Amino acid sequence: MIVIGGGIVGCSTAFYAARLGLRVLIVERDTPGSGQSGRNLGFVRQQGRDFRELPLAIAALRLWNDLEEDLGRKVGWLRGGNVVLAANDRETARQADWQSKAKDFGLDTILLTSAQTREKLPFLSDKASLCGAMFTASDGRAEPGRTTRAFFEAAVELGVSVILGAHVTQLELQAGNVHGVWVNDKLYRADRVLCSAGTGSGKLLRGVGYNLPQERIRATVARTLPAPGLTLTSCISLPFTGLRQDEKGAFIFSVAGGEYDVRFDSWRYLHHYRETRRANPDAARVNYFGPILRFMSSRIASPIADIAPSSEGARPAHYRVRQAQDELRQFVPQLAELAIEAVWAGVIDALPDVVPVMGHVYERPGLLLATGFSGHGFGLGPMAGKIMAGLAAGHSASVDISGLSPSRFSHLSVTARLASPAG
């Protein structure tokens, strides 16, 4: 089996596939965890999920509870719960609707009144507009880069082979079936290939006739200096800002959404995102200087020691940090004044319906797909990998992922070009 991509899904797939006795090769263009898998907030949540992916999130949470013991490595796992504030009656009604439906899944989500929320979060400002909150005690958090590297190291110990710093230029297609990958001008053969290449998936898939309407959103994250005396066990979502505390006592936060950097081929899937943009008008700010920014970004080093460099060279949007600090001043003013230690960006691989695509690509036997996690794939990652490993070994999925099937995009198929090392 060949796994394209060394993010959390790719590395966990390799780990679980090796446990099932499969020979596995990981091909990663940079280093494990250097992409969005190592650059996100680190939330591990079931709360607020799209119901098509909620069964996967619930199963993932069970896996997270024993993950450190299973991998033999610390990943910063803490089951401290997840609180989403409701600042107005409309948000309260939306939370009540979701919580009511989530009961059918056996989830422990509860609704809190304004008084109960302030009791749980005593550091909230008295001036903050607050109608209540939604709380799921079984949710948690972990350290993204450390978790991805833990899966990678555990997979290597099980005998998984690795190629780092090299691009998969295209998939090998023979008689309609995928039989391997080209890494530069060398062919590596396998009966099963998993494409979990994040933002690089779309181009590879188009080469074998599967047209995935994938887009790229650049998201910014900031980390403060450690704050002695301040303790936050839960992940918190303000109206626009998510935040958590790491093991060193620093606070990590990000404003929801990000920047859409216009590319020369941005026209390709524009119409597929019409409804998504209409429903989420503030989710992404269009940056028309994207082609120029790409060249500028490659020369800017991120001042963060625990996240591996990425060839994407994503440039953080510092105004997003100021937006988050403004909201923190309204809700948690003592956090807003903490000194910022580091700011970085990652590139989210998004799909029009904002849920991932997972499973066999039946139009191309031998090809499996797990991508498009749309900015909320870190918590799903370990279970997604376990399921994909099982599928590669010929097993059925242990969790209902029918709503995430690649077949929902099959009507977009295009004519495949023949694979060749020249690419």
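Which helix and which strand each supply at least two residues of the lining of the second largest pocket? I begin there, and I should say at once that we are looking at a predicted model. The elements in question are α6, residues 144-157, and β19, residues 340-350, and α6 gives the largest share of that lining, with four residues. The pocket itself holds about 370 Å³ of space, and among its 20 lining residues the closest to the centre are Glu-143, Arg-223, Asp-246, Lys-248 and Asp-306. Taken by residue class, the lining divides into 10 charged, seven nonpolar and three polar residues.

From the pocket I turn to the salt bridges, of which a search of the whole structure finds 18. In one of them the side chains of Arg-19 and Asp-70 meet at 2.9 Å, N to O, and because Arg-19 lies in helix α1 and Asp-70 in helix α3, the pair ties together parts that are 51 residues apart in sequence. Both partners count as partly exposed, Arg-19 at 46% relative accessibility and Asp-70 at 29%.

Another bridge joins Arg-29 to Glu-312, with the closest N and O atoms 3.2 Å apart; here Arg-29 sits in the loop between β2 and β3, while Glu-312 sits in the loop between α9 and α10, 283 residues away along the chain. Arg-29 is partly exposed, at a relative accessible area of 26%, and a network of salt bridges links Arg-29 and Glu-312 with Asp-30 and Arg-216.

What about Glu-259 and Arg-320, are they buried or exposed? Glu-259 counts as buried because its relative accessibility is 1%, and Arg-320, at 7%, counts as buried too, the limit being under 20%. Their side chains meet in a salt bridge of 2.6 Å, N to O, which links strand β17, where Glu-259 lies, to helix α10, where Arg-320 lies, across 61 residues.

Lastly, the aromatic rings: the search of the whole structure finds seven aromatic pairs. One of these is formed by Phe-51 and Phe-105, whose rings are stacked, at 5.6 Å centre to centre with 20 degrees between the planes. The two residues come from distant parts of the chain, Phe-51 from the loop between β3 and α2 and Phe-105 from the loop between α4 and β5, 54 residues apart. Phe-51 is partly exposed at 27% relative accessible area, as is Phe-105 at 34%. Elsewhere, Phe-15, Tyr-16 and Phe-151 form one aromatic cluster, and Lys-120 lies over the face of Phe-135, at 4.1 Å from the ring centre.

Conventions. Residues numbered from 1 in each chain as written. Predicted model: local features only at pLDDT ≥ 70, side-chain atom pairs only at ≥ 80, totals over all residues. Heavy atoms only, no water. 1 Å grid on protein atoms, 1.4 Å probe; cavity = no way out; pocket = protein on both sides within 12 Å on 5 of 7 lines; lining within 4 Å. Points joined across faces, edges and corners; volume = space filled by probe spheres on them. Nonpolar A, V, L, I, M, F, W, Y, C, P; charged D, E, K, R; others polar. Phe/Tyr/Trp six-rings, centres within 6.5 Å; stacked < 30°, edge-to-face > 60°. Buried < 20%, exposed > 50% of the residue type's maximum accessible area, 1.4 Å probe, protein only. Lys NZ or Arg CZ within 6 Å of the ring centre and 35° of its normal. Salt bridge = Lys/Arg side-chain N within 4 Å of Asp/Glu carboxyl O.
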